[in-house]
Amino acid sequence: MTSAELTNAALTEQYQDHLLGVFGTPQRVLSKGKGAKVWDADGNKYLDLLAGIAVNALGHAHPRWVKAVSDQAATLAHVSNFFASEPQIALATKILELAKAPEGSRVFFTNSGTEANEAAFKLARRNAGTEEKPRTRILALENSFHGRTMGALALTWKEAYRAPFEPLPGGVEFIPAGDIDALTAALDDTVQAVFIEPIQGEAGVVELPEGYLEAARELTTAASALLIVDEVQTGIGRTGQWFASSNIVPDAMTLAKGLGGGFPIGALVTFGETNSHLLSAGQHGTTFGGNPLASAAALATLTVIEDDNLIDHAQQLGKWITAQLEQLDFVTDVHGRGLLIGFDLDVDTSAAVVTAALEHGFIVNAPTPKTIRLAPPLVLTQEEAQTFIDELPMIYRRATANLSAPSASKK
Ligand SMILES: *Cc1c(COP(=O)(O)O)cnc(C)c1O
């Protein structure tokens, strides 16, 4: 094949001929990145305001991340979990320190968010109660998203994701998100665990009401049910804190997206001795999870976030972007924290805005018909963000013009 054929159009056709169609048609074929910028196969440049959905915390090709991954690849990439490795041990130690996890807390590494939640699901099942008083129920929130594998899918609210794959693991009940009374009513000594995202990312960056997480902590403790926070999207500095749930101590926390800075790795963190002992030798496992290469990538990510003060930066830049968005007359609401931001449009045109933004050189995403999500690299500069703010009114006009364009075939 000649390089002339490696265009967006030609590659997209090949993609469609060779890859399973679960993601629909890709918007572009991307070929390289640097910092917060990426280039497609035709050489067009984009400001990446999505970062692989909250993944590329350090942006693309960060020199310290590249060096850590390259050095580790040249040293020891993978070993079986019959053996340990230094990066894995250092990473677990670092995560527990950042999470201010109490004595007895432990880490289990996975390759993705859904796998971290599968591990958490199995942990929840081990809170089994007694023979006379068994625990069999798990509570999840309406509008939740926890992943696409069977266990995590059972915890995921959207009917269209779940229905084609039933029967799923049983016992999961959904309760209204953020409703303390509903949680109180559903919780008793038959509940194994409650799963909560501190901010519901896939639902459109929806925050829980102030005090809900604290109430959930008190209520689950009283019922001896586990409180499991899914920080797959919100964790690792994304919200301007290391973890969005850091005002409480959960029983377990799941991580993935930002953890590896682009290298696939996830984690289940169990808090305290009792919770850590719920899963014992032989009860769970993984071949790849926490291998030296993935662990080195994650360690480099955490180290750079710390050294470069990216948590404070995410907080400040997030506030600045939010303030700018709030001034636009077609933006009806801005929500989220740090650099996980959702903003609502005055008309349901988010898909058209995503397309128009791409044509203007910006990558954003539409989790709902009215909401645009921003989850840029934590290294994004205010100057870069300013370029998006400046062009957003034009992008919006282009999107809405497309929508209202007269069409002969449609009424
Ligand atoms: C993305 C996401 C998942 C699933 O992670 P994958 O790595 O795609 O399996 C789980 N929970 C939350 C909150 C997420 O945002």
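Student: Where is Arg148 found, relative to strand E5 and helix H6?

Tutor: Good place to start! A loop is easiest to locate by the elements on either side of it. Keep in mind that this is a predicted model. Here, Arg148 sits in the loop that links strand E5 (137–141) to helix H6 (150–154).

Student: Which residues does Arg148 touch, leaving out those up to four places away in sequence?

Tutor: Leaving out sequence neighbours shows what the fold brings together. With residues up to four places away set aside, Arg148 touches Thr114, Leu153 and Tyr161. Thr114 also appears among the residues around the ligand.

Student: Which residues are around the ligand?

Tutor: Start with the list, then look at its chemistry. The shell holds Ser112, Gly113, Thr114, Asn117, Phe145, His146, Gly147, Glu197, Asp230, Val232, Gln233 and Lys257. By class, 7 are polar, 3 charged and 2 nonpolar. Helix H5 (residues 113–125) supplies the largest share, with 3 residues. Gly113 is in helix H5.

Student: What lies 2.6 Å from an oxygen atom of the ligand?

Tutor: For polar contacts, check which atoms pair up, and whether they belong to backbone or side chain. The 2.6 Å distance runs from a ligand oxygen to a polar side-chain atom of Lys257. A ligand nitrogen is 2.7 Å from an N or O atom in the side chain of Asp230. Thr114 takes part through its backbone instead: one of its polar backbone atoms is 2.8 Å from a ligand oxygen.

Student: How much of the ligand does the protein bury?

Tutor: Compare the ligand taken alone with the ligand in place. Alone, the ligand exposes 380 Å², and the protein buries 81% of that.

Student: Which residues does UniProt list for "binding site"?

Tutor: Treat a record as a separate source to set beside the coordinates. In an unreviewed entry, UniProt lists Gly113, Thr114, Phe145, Asp230, Glu231, Val232, Gln233 and Thr287 under that feature. These positions do not all gather at one spot, because they span 175 residues in sequence and their farthest two C-alpha atoms are 25.3 Å apart.

Student: Where does UniProt place the other "binding site" feature?

Tutor: The unreviewed entry puts that one at Arg148 and Thr286. From this set, Thr286 is part of the lining of the second largest pocket. Thr286 lies in the loop between helix H10 (273–276) and helix H11 (292–307).

Student: Which residues does a cis peptide bond join?

Tutor: For the backbone, read the torsion angles. Glu166 and Pro167 are joined by a cis peptide bond, with omega about 5°. Pro167 is in the loop between helix H7 (159–162) and strand E6 (172–175). Another angle to look up is the phi of Ile53: it is positive, about 60°, although Ile53 is not a glycine. Ile53 lies in helix H2 (residues 51–54).

Methods:
Residues numbered from 1 in each chain as written. Predicted model: local features only at pLDDT ≥ 70, side-chain atom pairs only at ≥ 80, totals over all residues. Heavy atoms only, no water. Near = heavy atom within 4 Å. Polar contact = N/O pair within 3.5 Å; in protein donor to acceptor, adjacent residues only side chain to side chain. Areas by Shrake-Rupley, 256 points an atom, 1.4 Å probe, with all protein chains shown as cover. Helix = DSSP H or I, 4+ residues; strand = E, 2+ residues; numbered from the N terminus. Nonpolar A, V, L, I, M, F, W, Y, C, P; charged D, E, K, R; others polar. UniProt positions renumbered as here; feature names shortened; annotations may be inferred. 1 Å grid on protein atoms, 1.4 Å probe; cavity = no way out; pocket = protein on both sides within 12 Å on 5 of 7 lines; lining within 4 Å. Contact = heavy atoms within 4.5 Å.
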